[in-house]
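Please look at the structure shown below, and then work through the questions and answers that follow it.

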Amino acid sequence: MVLMPRESAKLIATLSKDVFIEDEGVKNLTYTILEGIKNQKIHINNFSQHEFHPKPDDPRAIDWIFLLDVLNFSFWTEQNINKWKVNGQTGYFALCAAVKRAVDEGKPIIDPKYYSKVTQNELEVIFRGDDNNTNIPLINERVRNLHQAGQVLLKKYQGTVSKCLRYIVNSNNCYHNTGTFVECVKSCSGSAEKLLRLIINDFDSFRDEADYKGYKVSFYKRAQILIGDIWACFKGHDYGRFNDIDYITMFADYRIPQVLIHFGAIRYSNPLLSKLQSNLELESGSPEEVEIRGCSIDVIERVNNEVRKLIGSYPELNLKETDINNTLIDHFLWDYRRQHAEELESIPFHKTRCIYY
């Protein structure tokens, strides 16, 4: 049996030998998150503020988000190698910029009929960098992911949305689609858990699992961020209305742990820290990599729970428990890392070349 991410994280945090959760750091982070809610740095609207994200009134929004998260992995660069950039953006936002550029150029990149058969040469053109000598990492794996995802959508989700679906308040826009990820979302009737299980069962590249000390654990980073992105894009309404959005954990990647170290919420053993400082790559599924990801999830679980307790203790703040969840905390911490990149540069992040994050 595979443990789901929340249960996996609790187990890993209990057994971890190289990554440790620090109570004082969890407390520090908790108050930072509470302050972020109060000043609205943590808010569901923040997703749509970025120019390269699709807008909820775009009838392609869900399929656009699905495409991004099929490809949302492994943007880090080896030492002394130029970073892949698109329109001056790096990492995930370079991916977003490249997809938006392709859409603006009239390429049918969001259509599964196209990307289920896209060639590597076509994808290299779509993801061309500002520096023509720098390419997006793992291009072969991205082609494979697109082929597999597109074929599943075309073969299994050919149903037609036959009626006009009004998905924006006071809007007359209609959404008509066939054989797209919209069908997956609709079939789950507003349940994040059902959609998560559908994604990991039907789409191989989202099956982010590992063996750890005799247990089968999971993180499902890209599957969960896909659900979180849909929820945030639609601001918790219409296609983004998930009655159990709290089922989703944080998205265990290689950047958030930098922020957790910064706040003192996690600590690495000396041998692990030495490896990271020496720029050694960690294998996907190795005990150290699993412990970093699992403990990161468990930290955010603890922070989320503590923030909710504080919200209940201070009614004068006029906040509700629903003003916070793991998705919002993750978005805030990821933005925090980008905004404080120079300050956090001295904290090594773990490098694992894989398709899961």
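Q: Over the ring of which residue does the charged end of R353 sit?
A: In this predicted model, local features need pLDDT (the predictor's confidence in each residue, from 0 to 100) of at least 70, side-chain atom pairs count only at pLDDT 80 or more, and totals for chains, interfaces and linings use all residues. Residues are numbered from 1 along each chain as its sequence is written, and side-chain values use heavy atoms, with hydrogens and water left out. A charge counts as over a ring if NZ of Lys or CZ of Arg is within 6 Å of the ring centre and within 35 degrees of the ring normal. At 3.7 Å from the ring centre, the charged end of R353 sits over W76.

Q: Over the face of which residue does R222 lie?
A: The ring concerned belongs to an aromatic cluster that also includes F66, F181 and F203. R222 is placed 4.2 Å from the centre of that ring, which is the ring of F206.

Q: What kind of aromatic pair do F66 and F181 form?
A: Rings of Phe, Tyr and Trp (its six-membered ring) pair if their centres lie within 6.5 Å, with planes under 30 degrees apart counted as stacked, over 60 as edge-to-face and the rest as tilted. Here the centres are 4.4 Å apart and the planes differ by 10°, so the pair of F66 and F181 is stacked.

Q: Are F66 and F181 buried or exposed?
A: Buried means under 20% relative accessible area, exposed over 50%, and partly exposed in between (1.4 Å probe, protein chains only). By this criterion, both F66 and F181 are buried.
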